[in-house]
Amino acid sequence: MDTYLAVASKRDWRSYADRPIPNDVVERILDAGRVAGSAVNRQPWTFVVVEDEVRRSALAEAVYAAGNVHGAAFVVAIVTPGGGSPIDVGRAMQNMMLTAWNDGVVSCPNGISDQDQAVAALGLEDDLQPVTVLTFGYPRRPLDPTDRSPEEWSADANRRPLSEVVRRV
């Protein structure tokens with residue numbers, strides 16, 4: 001898929017089809033996060049894949065929208081020492097979500113409402129803190145990003161116009 005088409009057509013999805021994601025697609029998504037750039041190449045992240053149902057349920061109650069976690073086929077928390085490095089985490093997160101989208105998998109980042117519960121649900125030790133929880137799954141309805149041009153997707157996005165977000169000095 002064309003990169004601009006992927007960026008323009010990618011939307012966050014909060015409900016998913018009841019269909020597993022193949023292991024090779026999961027590995028590609030995780031590897032896309034791994035190869036993201038980071039400040040001074042520190043690679044501060046750990047990707048915690050949540051497979052245990054008890055842990056997943058506890059984690060669901062620690063994010064703002066529990067249903068996103070409950071319904072996902074694949075859940076991964078990005079954790080860092082002290083919960084820091086938000087720009088690096090954002091780069092890894094976007095790589096993962098765009099790679100998923102390239103394979104027809106939709107995703108959503110989930111904010112954490114109860115940090116202590118998230119730490120316990122993930123079994124984190126030392127100073128590791130979750131920064132975000134990503135949920136992935138196949139869409140409930142078919143969606144083909146190539147049905148429209150990147151410009152059409154961009155025009156249809158519920159975003160402020162470019163003229164309002166760009167300032168030239």
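**Buried residues, cores and pockets in a predicted model**

Thr 132 counts as buried, at 7% relative accessibility. The model described here is predicted. Thr 132 is found in strand E4, which covers residues 128-137. Its side chain reaches the backbone oxygen of Asn 110 at 3.4 Å. With neighbours within four places in sequence left aside, Thr 132 is in contact with Val 76, Ala 77, Ile 78, Val 89, Met 93, Pro 109, Asn 110 and Ile 112.

Asn 110, the partner of Thr 132 in that side-chain to backbone approach, is found in strand E3. Asn 110 has a relative accessible area of 4% and is therefore buried, the cut-off being under 20%. The side chain of Asn 110 makes a polar contact with the side chain of Thr 135, at 3.2 Å. Apart from neighbours within four places in sequence, the residues in contact with Asn 110 are Val 63, Ala 65, Asn 68, Thr 132, Val 133, Leu 134 and Thr 135.

Val 133, one of the contacts of Asn 110, also belongs to the largest nonpolar core. This core has 26 residues, and those with the most contacts inside it are Leu 59, Val 75, Leu 122 and Val 133. At least two residues of the core are supplied by each of helix H3 (53-60), helix H4 (66-71), strand E2 (74-81), helix H5 (86-102), strand E3 (106-110) and helix H6 (115-122). The largest share, 4 residues, comes from H6. Leu 59 is in contact with Val 50, Val 75, Ala 118, Ala 121, Leu 122 and Val 133, when neighbours within four places in sequence are left aside. A second, separate core has 22 residues, among them Ile 21, Val 25, Ala 92 and Val 105. In soluble globular proteins, nonpolar side chains tend to be buried together.

Ala 32 is found in helix H2. With a relative accessible area of 10%, Ala 32 is buried. Beyond its neighbours within four places in sequence, Ala 32 is in contact with Asn 95, Met 96 and Thr 99. Ala 32 and Met 97 are 65 residues apart in sequence, and their C-alpha atoms are 8.8 Å apart in space.

Two pockets were examined. The largest pocket holds about 480 Å³ of space. Its lining consists of 16 residues, and Val 7, Ala 8, Arg 11, Ala 157 and Arg 159 lie nearest the centre. Helix H1 (3-9), H5 and helix H8 (162-165) are the elements that give two or more residues to this lining. H1 gives the most, with 3 residues. By residue type, the lining of the largest pocket divides into 8 nonpolar, 3 polar and 5 charged.

The second largest pocket has a volume of about 180 Å³. Its lining is formed by Ile 21, Asn 23, Val 26, Glu 27, Leu 30, Val 49, Val 50, Glu 51, Arg 56, Ala 73, Phe 74 and Val 75. Helix H2 (23-34) and E2 are the elements that give two or more residues to this lining, and the largest share, 4 residues, comes from H2. The lining of the second largest pocket divides into 8 nonpolar residues, 1 polar and 3 charged. Val 75 lines this pocket and is also among the residues with the most contacts inside the largest nonpolar core. Ile 21, likewise part of the lining, is included in the second core.

Notes
Residues numbered from 1 in each chain as written. Predicted model: local features only at pLDDT ≥ 70, side-chain atom pairs only at ≥ 80, totals over all residues. Heavy atoms only, no water. Core = buried A, V, L, I, M, F, W, Y, C linked by side-chain atoms within 4.5 Å. Buried < 20%, exposed > 50% of the residue type's maximum accessible area, 1.4 Å probe, protein only. Contact = heavy atoms within 4.5 Å. 1 Å grid on protein atoms, 1.4 Å probe; cavity = no way out; pocket = protein on both sides within 12 Å on 5 of 7 lines; lining within 4 Å. Points joined across faces, edges and corners; volume = space filled by probe spheres on them. Nonpolar A, V, L, I, M, F, W, Y, C, P; charged D, E, K, R; others polar. Polar contact = N/O pair within 3.5 Å; in protein donor to acceptor, adjacent residues only side chain to side chain.
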